[in-house]
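Q: Could you take one part of this model and go through it slowly with me, one residue at a time? I would like to understand the sheet and what surrounds it.

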Amino acid sequence: DFCPHCLSDKLTWTAIKGSGEVYSFIIMHQVYDKTFAEEAPYNVTMVRLDEGPRLVSNVRGPNDAIRVGDRVRVGRRDVGG
């Protein structure tokens with residue numbers, strides 16, 4: 001791991017607000033992992049956090065309501081084993 005700006009490996013953990021916007025997403029219809037079989041079709045969404053980093057996540061709610069640029073808040077839920 002390294003800083004994408006200066007290439008330093010001197011990294012630290014920083015608290016974030018946990019909000020951002022939908023950067024991109026796809027709707028998965030094919031089940032590649034049985035953990036998600038009951039949720040198909042489900043979305044795989046890239047969120048750009050307000051602090052800059054991006055993370056891959058899932059937006060809760062109807063898949064057809066997701067739009068690039070939507071404001072979202074990061075949450076956590078356990079799935080599978």
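A: Val56 has a relative accessible area of 59%, and because anything over 50% counts as exposed, Val56 is classed as exposed. The model is a predicted one, and in it Val56 belongs to strand 3, a strand that covers residues 54-57. Which residue stands opposite Val56? The answer is Met46, and although Val56 and Met46 are 10 residues apart along the chain, their C-alpha atoms are separated by 4.4 Å. If neighbours within four places in sequence are left aside, Val56 is in contact with Val44, Thr45 and Met46.

The pairing of Val56 with Met46 leads to the two strands themselves. Strand 2 and strand 3 are paired in the antiparallel sense, with 4 bridges between them, and together they form a hairpin in which 4 residues lie between the two strands. In the turn of this hairpin, Gly52 has a positive phi of about 120 degrees. At residue 54, where strand 3 begins, there is a further feature to look at, for Arg54 lies over the face of Tyr23, at 3.9 Å from the ring centre.

From the hairpin we can step out to the whole sheet. It is an open sheet of 4 strands in the order 3-2-1-4, and the pairing is antiparallel. Strand 3 and strand 4, the latter made of residues 71-73, stand at the edges, and each has a single partner strand, so one side of each is left without a neighbour in the sheet. On average, and with direction ignored, neighbouring strands of this sheet are turned by 45 degrees against each other. Strand 1, which takes in residues 19-28, runs antiparallel to strand 2, residues 42-49, and the two are joined by 8 bridges. Strand 1 also pairs with strand 4, again in the antiparallel sense, and here there are 3 bridges; in this pairing Glu21 stands opposite Arg71 of strand 4.

Gly20 is a good residue to follow next. Gly20 lies in strand 1, and its bridge partner in strand 2 is Leu49. Is Gly20 buried or exposed? Its relative accessible area is 0%, and so Gly20 is buried. Not counting residues up to four places away in sequence, Gly20 touches Val47, Arg48, Leu49 and Asp50, and also Asp70, Arg71 and Val72. The C-alpha atoms of Gly20 and Pro62, on the other hand, which are 42 residues apart along the chain, are separated by 19 Å.

Asp70, one of the residues that Gly20 touches, lies in the loop between strand 3 and strand 4. With a relative accessible area of 27%, Asp70 is partly exposed. By the same kind of count, which leaves out residues up to four places away in sequence, Asp70 touches Gly20, Glu21, Val22 and Ala65.

Val22 brings us to the interior. The largest nonpolar core consists of 6 residues, namely Val22, Val47, Leu49, Val59, Ile66 and Val72. In soluble globular proteins, nonpolar side chains tend to be buried together. Beyond its neighbours within four places in sequence, Val22 is in contact with Val59, Ile66 and Val72, and its contacts also include Thr45, Met46, Arg67, Val68, Gly69 and Asp70.

The loop between strand 1 and strand 2 deserves a look as well, since Pro41 has its place there. The peptide bond from Ala40 to Pro41 is cis, with omega near -5 degrees. Tyr42, at the start of strand 2, takes part in an aromatic pair, and the count of such pairs comes to 1. The ring centres of Phe36 and Tyr42 are 5.4 Å apart and their planes stand at 35 degrees, so the pair is tilted. How do the two residues stand in terms of accessibility, and what are they counted as? Phe36 counts as partly exposed at 26% relative accessibility, whereas Tyr42, at 12%, counts as buried.

Finally, there is the segment before strand 1, where Leu7 is placed. Phi of Leu7 is near 65 degrees, which is a positive value in a residue other than glycine. Leu7 has a relative accessible area of 60% and is therefore exposed.

Terms used
Residues numbered from 1 in each chain as written. Predicted model: local features only at pLDDT ≥ 70, side-chain atom pairs only at ≥ 80, totals over all residues. Heavy atoms only, no water. Core = buried A, V, L, I, M, F, W, Y, C linked by side-chain atoms within 4.5 Å. Buried < 20%, exposed > 50% of the residue type's maximum accessible area, 1.4 Å probe, protein only. Contact = heavy atoms within 4.5 Å. Pairing = 2+ DSSP bridges. Phe/Tyr/Trp six-rings, centres within 6.5 Å; stacked < 30°, edge-to-face > 60°. Lys NZ or Arg CZ within 6 Å of the ring centre and 35° of its normal. Axes fitted to C-alpha atoms, helices over the stretch in contact; angles between N-to-C directions.
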